[in-house]
Structure formats: C-alpha cells, structure tokens
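Please look over the model shown here before reading the comments. They are meant to be read beside it.

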Amino acid sequence: QKTKDEHDMDNQQYVDQLQQELHEARETQDSMEKVAEEAVLENERLDHQLAQMKNQLARTKQESELRYDDYKELLEAKEKMYEELKEARGKTKGLTLEQSDASTKIATLEAAVDRLEMDR
C-alpha cells in the first residue's frame, strides 16, 4: 500500500500532466483562433474582391463596344473568385468546430485539475 507521500506525489504528477495538457490545449486554441481570424480577413478580402468583380462586370456589360471574349473572361474570373470564397468560408467553419472542441477539452481538463486540487 502506498504511503501518503507516494500518493501525494502520484497526484502531483497527474496534476502536472493535466496542467501540461491544458497548456498545450490553450496554445492549440490560440493558434486556431489566429488562423480563424486570418480566414475571416481573407473572407472579407474575397467578398470585397468579388463585389469589385461584379461591379466591373456590370460596367463592362453596359459598354456598347463590349466584346464577347472579354465578357467571358470576366465571368470566368468571377466564378473562380466565388469558388475561392466558398472554399475560404468552408475553412472558417471547420476552424470554428475545431476551436469549439479545444474549448471543451480545456474546460474538461480545468475541471479535472480543480477536482484533484480539492482532493489534496
């Protein structure tokens, strides 16, 4: 049977391990938040770029000397930009889910640390 000191040392090692996991989870969450912020900025940039493309396309359509090839090229560029925007939004949704998972893990680890510290 373990002595109280051995039991306390085991508990301290477990608390230290949980605190290390908590620290790593927080670092991961911070990193994901930074990536999510960058993805949001990229979404805004792509939204702005898409709006500019739409305006440019509307102006081009109105010009009397509109050439079909130019119009087709602008339309393809607009569609490509729209696909990039959809892809960037998909990445943002995935990051939000990962961030939520990290927050849940942090809360669980904090609760475990609190319980162990109260049991000591």
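The numbered points below cover the basis of the model, its helix pair, its cores and one residue.

1. This is a predicted model, in which local features need pLDDT of at least 70 and side-chain atom pairs count only at pLDDT 80 or more, while totals for chains, interfaces and linings use all residues. Residues are numbered from 1 along each chain as its sequence is written, and side-chain values use heavy atoms, leaving out hydrogens and water.

2. Helix H1 spans residues 4–62 and helix H2 residues 68–119; helices here are DSSP runs (H or I, at least four residues), numbered from the N terminus. Their axes, lines fitted to C-alpha atoms over the stretch in contact, come within 7 Å and cross at roughly 160 degrees. H1 and H2 are therefore roughly antiparallel, the term for angles over 145 degrees.

3. The contact of H1 with H2 involves 29 nonpolar, 10 polar and 12 charged residues. Asp, Glu, Lys and Arg count as charged, Ala, Val, Leu, Ile, Met, Phe, Trp, Tyr, Cys and Pro as nonpolar, and the others as polar.

4. The largest nonpolar core (buried nonpolar residues joined through side-chain atoms within 4.5 Å; buried means under 20% relative accessible area) has nine residues, including Val15, Leu22 and Ile106. H2 gives the largest share, five residues. Leu18 touches Leu109, Ala112, Val113 and Leu116, not counting residues up to four places away in sequence; contact means heavy atoms within 4.5 Å.

5. Thr104 lies in helix H2. Its relative accessibility is 48%, so Thr104 counts as partly exposed, between the buried limit and the exposed one of over 50%.

Note on methods
Axes are lines fitted to C-alpha atoms, for helices over the stretch in contact, and angles run from 0 to 180 degrees between N-to-C directions. Helices (H or I, at least four residues) and strands (E, at least two) are DSSP runs, numbered from the N terminus. Angles under 35 degrees count as roughly parallel, over 145 as roughly antiparallel, 65 to 115 as roughly perpendicular and the rest as oblique. Buried means under 20% relative accessible area, exposed over 50%, partly exposed in between (1.4 Å probe, protein chains only).
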